[in-house]
Amino acid sequence: MALPEGVQYRDIDGEQRLATRGEAVYGEPVADGWRAWDAHRSKVGAMYELGMEPGLERGGGVLYLGAANGTTVSHVADVCGPTYAVEFAARPMGDLLSVAETRENLIPLLKDARKPETYAHVVESGLDVLVQDVATRGQARVARANRQFLADDGHLCLAIKARSEDATRDPGDVFADALDELRETYTILDSRRLDPFHADHLAVVAEPR
Ligand code: SAM
């Protein structure tokens, strides 16, 4: 698996660790300016550890939905170009604003990812990657509604949390339904469970149809 420029395995504290270059954010170990990317705390990190290709590229434009307090989006912004970070909860937004202080390409937006029309005037279209990690019902619907920001040759990098859809259903059935819904708008390139890093999560890489 090829890692994009800006993502490397580095010797950090005597271990080979997935890492990006930037200011530390969540107490992760750092060596020579490279900060460990903890796959147990990041679904995109777990995708790399499992050999998936989420589509991040040096300098590329990204829309990140569900940025929370910036753990993963900080690594994404270390690698990519303009990175629009949508989060609808006010509490993590304070941390996200601090993370953005050291990354001028990171643009936090206090918005609801189910309502792309509320940020369409700010977020450019033709972006290279749409990263989505929103713990909400209707995750496939959110990914479809935000396709408008992706270039035709861009990539969707999505983590689906089964329990956010329906805690009582078998996760495999939840994932099958979500993939069917995604296929209305996307061609699925790869999908894998994120065990052992994140239980009952499916990672999906797809491109617009
Ligand atoms: N992606 C983050 C990371 O790896 O650092 C973790 C994200 S956390 C699992 C899910 C986040 O999605 C929460 O912060 C939650 O507030 C946010 N969220 C849920 N529904 C949302 C919505 N409709 N719009 C924006 N954010 C949403």
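## Terms and model

A residue counts as buried under 20% relative accessible area, as exposed over 50%, and as partly exposed in between. With R192 at 30%, that makes this residue partly exposed. Keep in mind that the model is a predicted one.

## Aromatic pairs

A pair of aromatic rings is described by the distance of the centres and the angle of the planes. This structure has 2 such pairs. In one of them, W37 meets Y48 edge-to-face, with 5.7 Å from centre to centre and 65° between the planes. W37 sits in the loop between β4 (34-36) and α1 (43-49) while Y48 belongs to helix α1, so the contact ties together parts 11 residues apart in sequence. W37 has just 1% relative accessibility, so it counts as buried. Y48 comes out at 2% and is buried as well.

Then there's Y119 with F149: the ring centres are 5.6 Å apart and the planes are at 25°, so this pair is stacked. It links distant parts of the chain, 30 residues apart. Y119 is in the loop between β7 (106-110) and β8 (127-132), and F149 is in the loop between α4 (139-145) and β9 (150-161). Both Y119 and F149 are buried.

## Cysteines

If you're looking for disulfides, the count is 0. Take C80: its closest cysteine sulfur belongs to C157 and lies 10 Å off, so the two are too far apart for a bond. The cut-off for a disulfide is 2.5 Å between the sulfur atoms. C157 is likewise in no disulfide, its nearest cysteine sulfur being that of C80.

As for their surroundings, C80 has a relative accessible area of 7% and is buried. C157 is buried too, at 1%.

## Salt bridges

Side chains of opposite charge can pair when their charged atoms come close. Here there are 10 salt bridges. E28 and R35 make one of them, at 2.6 Å from N to O, and both of these residues are buried. Shared partners join E28, R35, D78 and R103 into one network of salt bridges.

K43 bridges to D133, with 3.2 Å between the closest N and O atoms. That pair links distant parts of the chain: K43 is in helix α1 and D133 is in the loop between β8 and α4, 90 residues apart. At a relative accessible area of 18%, K43 is buried. R192 also has a partner, D190, with 3.0 Å from N to O.

How values were computed
Residues numbered from 1 in each chain as written. Predicted model: local features only at pLDDT ≥ 70, side-chain atom pairs only at ≥ 80, totals over all residues. Heavy atoms only, no water. Phe/Tyr/Trp six-rings, centres within 6.5 Å; stacked < 30°, edge-to-face > 60°. Helix = DSSP H or I, 4+ residues; strand = E, 2+ residues; numbered from the N terminus. Buried < 20%, exposed > 50% of the residue type's maximum accessible area, 1.4 Å probe, protein only. Salt bridge = Lys/Arg side-chain N within 4 Å of Asp/Glu carboxyl O.
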